[in-house]
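User: Could you walk me through how the labels for this structure follow from the numbers behind them?

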Amino acid sequence: MPRSTTSTALKLVILLVLFAAIVAAFGLYQPRFLQTSLVSTVLQFASMLALVALGQALIVLAGGAGIDLSVGGIVSLSAILSMMALQAGAPPVTLPVLAVAIGALLGAVNGILVTRIRILPLIATLGTLFVYGGLAMALTAGGSLSGVPQWLVPFGRGLVGGVPYHFLALVLPAYLAAAVILTFTAWGRWLYAMGYNERSAHLVGIRVDRIRFFAYCLSGALSGLAALVSLAWFGSGRPNIGLNLELESLAAALLGGIAITGGSGGVIGVLIAVLMIVTLKTGLQFVNVSTVWQVGIVGALLLLVLLLDFLIPRRRA
Amino acid sequence: MGARIAGSIGGRELTLLVAGLVAMAIFAVLSPVYLSAGNLYQVVRNSVELLVVGLGLTFVLAIGGIDVSVGMVLGIAAIAIGNLLLAGADPWVAALAGPLVGAALGAFTGAVIVFGRIPAIVATIGLLGVYRTAIFALLGGSWLSGLPSSLSDIFAARIGGFLPASYIVILAAYLAAFVVLRRTPFGLHLLAVGNAEERARLAGVAVRRVRLAAYVVSGTLCGLAATFYIANYRNVEMTVGSTVALDAIAAVVLGGTSILGGRASLLGTALGVLLIRVLQNGFTIVGLPSLWQPVVTGVLLLAALSLERLAASGGVRRLAFGAP
């Protein structure tokens with residue numbers, strides 16, 4: 001697949017150029033933007049999106065029109081349900097496990113809808129987005145749930161050498177593990193194979209449904225981790241914390257070079273794209289552009305990258 | 001063709017009708033005020049916009065497309081209408097401006113999807129973000145309120161003291177859509193594209209033009225819905241249209257239009273809309289906070305799709321033992 005490699009590399013170069021242009025533009029407009037704390041700020045805000053976008057990337061990569069629109073709903077609902085479990089008397093130590101397990105469970109529901117009942121991913125996860133997000137709002141009547149254990153808060157706000165704990169402890173290992181698994185293990189090759197051509201993958205004995213189910217569970221678990229980061233960071237469970245994450249994670253995955261048709265792309269690009277999107281949002285905030293512009297700008301970015309994708313020669317014309 | 005028309009009033013429509021009546025009977029038992037004229041009028045009034053948006057979305061789903069930005073198109077068109085009314089425009093001019101703005105946005109959405117060759121779901125998620133920002137920017141952080149009642153006098157007037165006048169337009173739109181879908185080459189092409197795009201292309205159907213047209217139809221109807229929205233509520237708030245897409249998609253899918261394209265039921269869409277509004281209203285009447293509405297609609301959508309899939313292939317065995 002030499003041509004797909006070229007196009008992936010080309011996308012990465014375009015991404016890096018775009019990233020540099022964004023940093024340079026804000027730096028020229030407002031030199032104070034380029035202070036050292038910028039890195040800490042961006043990484044602090046990047047962790048949640050990075051975790052969610054990784055799950056999204058794996059699902060899109062696995063093909064079969066794979067998409068997970070429910071990621072934001074999972075983040076909100078895992079945060080709310082794990083806090084409710086604590087208030088109902090679960091030991092506080094279990095909070096991290098609870099958040100991730102609930103996320104994985106909600107992802108498993110998506111996996112069953114897609115691989116067993118065979119509902120199109122876009123409509124199945126659109127349904128669960130509203131069910132999960134709606135439940136998070138309905139169960140709390142829109143209010144926050146306080147009572148995150150104090151020992152967790154430093155994890156959400158602390159820095160090591162300017163880098164947030166959660167970025168070091170969760171995001172970097174997750175991306176490293178994903179990159180290693182995708183490149184060097186059979187599971188990774190299967191994921192690419194089924195994304196590239198599902199029928200052939202099935203014919204050579206790859207258990208397509210099982211891997212896809214696992215991908216949805218993993219995306220759920222990663223969203224649960226993002227929920228944990230939000231709990232540690234804000235000290236409370238917010239029912240709308242996952243808002244717009246479906247848009248931002250898709251934009252990050254596709255900007256990062258994952259082909260929307262599946263089967264091509266890597267996760268390092270996704271991490272760079274996440275950092276770029278967060279830098280852009282931070283910069284806009286820095287120059288006092290109202291936050292309501294962010295969703296539109298990310299939306300436009302998503303459309304632009306896909307139109308660009310159309311201009312770069314594709315291997316399956 | 002004959003079989004298809006006969007099949008258009010089939011089991012699905014009957015099921016929806018029965019489900020709706022059963023639900024109404026249960027709510028009537030649970031709440032003494034449920035069957036009051038005032039409450040039934042609420043259901044009828046709240047269904048207006050969704051009936052129109054759902055009709056347009058039926059065309060989009062029929063070609064195998066989807067549009068999650070419909071609520072935002074409604075919102076932008078509503079802002080245009082509201083501003084025209086505030087500027088003292090003739091109500092009929094304002095009423096026509098809605099569909100015009102909707103058609104333009106629908107054409108843009110369709111062009112991005114068809115000519116940009118972007119999967120409809122991804123494109124409309126991106127556009128949803130862009131349109132939402134546009135709504136914030138156009139409203140400038142405040143509601144559009146205190147609109148003159150000139151549109152309301154036309155479309156919200158009650159026929160026989162009950163049915164809003166907009167239902168005359170809605171009925172006409174459904175009849176026109178029925179004729180277009182079942183009696184014109186365009187309708188045939190639409191379903192052919194949804195059924196098997198490549199075969200339709202080989203048979204000489206102008207696939208791209210047909211797909212684009214479906215989005216223009218949908219956008220136009222979103223704009224018409226905006227006209228009725230202004231007539232009904234006489235204000236535009238920041239969160240305008242945020243639940244329209246889910247409700248409309250659920251209604252169309254419940255109505256039996258295939259999410260994969262190639263199959264459309266207009267009567268089903270109308271009944272799906274009414275069922276959703278009956279349930280949302282009923283649950284609210286019996287004391288469920290309105291925050292639960294998206295949960296109810298989402299579960300309804302997934303349950304309907306699951307039952308459909310399970311009935312079509314292998315039943316519950318698939319759930320237990322996996323695909324054969």
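Analyst: Happy to! Let's begin with a definition: angles under 35 degrees count as roughly parallel, over 145 as roughly antiparallel, 65 to 115 as roughly perpendicular and the rest as oblique. Keep in mind that this is a predicted model.

User: Why are H12(B) and H13(B) called oblique to each other?

Analyst: The axes of H12(B), residues 244-254, and H13(B), residues 266-285, cross at roughly 125 degrees and come within 7 Å. That angle is outside the roughly perpendicular range of 65 to 115 and is not over 145, so H12(B) and H13(B) are oblique to each other. As for handedness, the crossing of H12(B) and H13(B) is right-handed.

User: Which residues in H12(B) and H13(B) meet?

Analyst: From H12(B) come Asp247(B), Ala250(B), Ala251(B), Val252(B) and Leu254(B), and they meet Thr269(B), Gly272(B), Val273(B), Leu275(B) and Ile276(B) of H13(B). By class, the residues of this contact are 7 nonpolar, 2 polar and 1 charged.

User: What makes up the side of chain A that touches chain B?

Analyst: Here, 37 residues of chain A are in contact with 39 residues of chain B. Helices H4, H5, H11 and H13 of chain A each give two or more residues to that side, and H13(A) has the largest share, 12 residues. The classes on that side are 27 nonpolar, 6 polar and 4 charged residues.

User: How helical are residues 93-115 and 291-311 of chain B?

Analyst: The unreviewed UniProt entry annotates both among the spans of "transmembrane region" in chain B. In the model, residues 93-115 of chain B are 100% helix, while residues 291-311 of chain B are 90% helix.

Terms used: Residues are numbered from 1 along each chain as its sequence is written. Chains are lettered from A and ligands numbered from 1 in the order in which they are written. This is a predicted model: local features need pLDDT of at least 70, side-chain atom pairs count only at pLDDT 80 or more; totals for chains, interfaces and linings use all residues. Two residues are in contact if their C-beta atoms, placed from the backbone, lie within 7 Å. Helices (H or I, at least four residues) and strands (E, at least two) are DSSP runs, numbered from the N terminus. Ala, Val, Leu, Ile, Met, Phe, Trp, Tyr, Cys and Pro count as nonpolar, Asp, Glu, Lys and Arg as charged, and the others, Gly among them, as polar. Axes are lines fitted to C-alpha atoms, for helices over the stretch in contact, and angles run from 0 to 180 degrees between N-to-C directions. A crossing is left-handed if the near helix is turned anticlockwise from the far one by less than a right angle, and right-handed if clockwise. UniProt positions are given in the numbering used here, feature names are shortened, and annotations may be inferred rather than shown by experiment.
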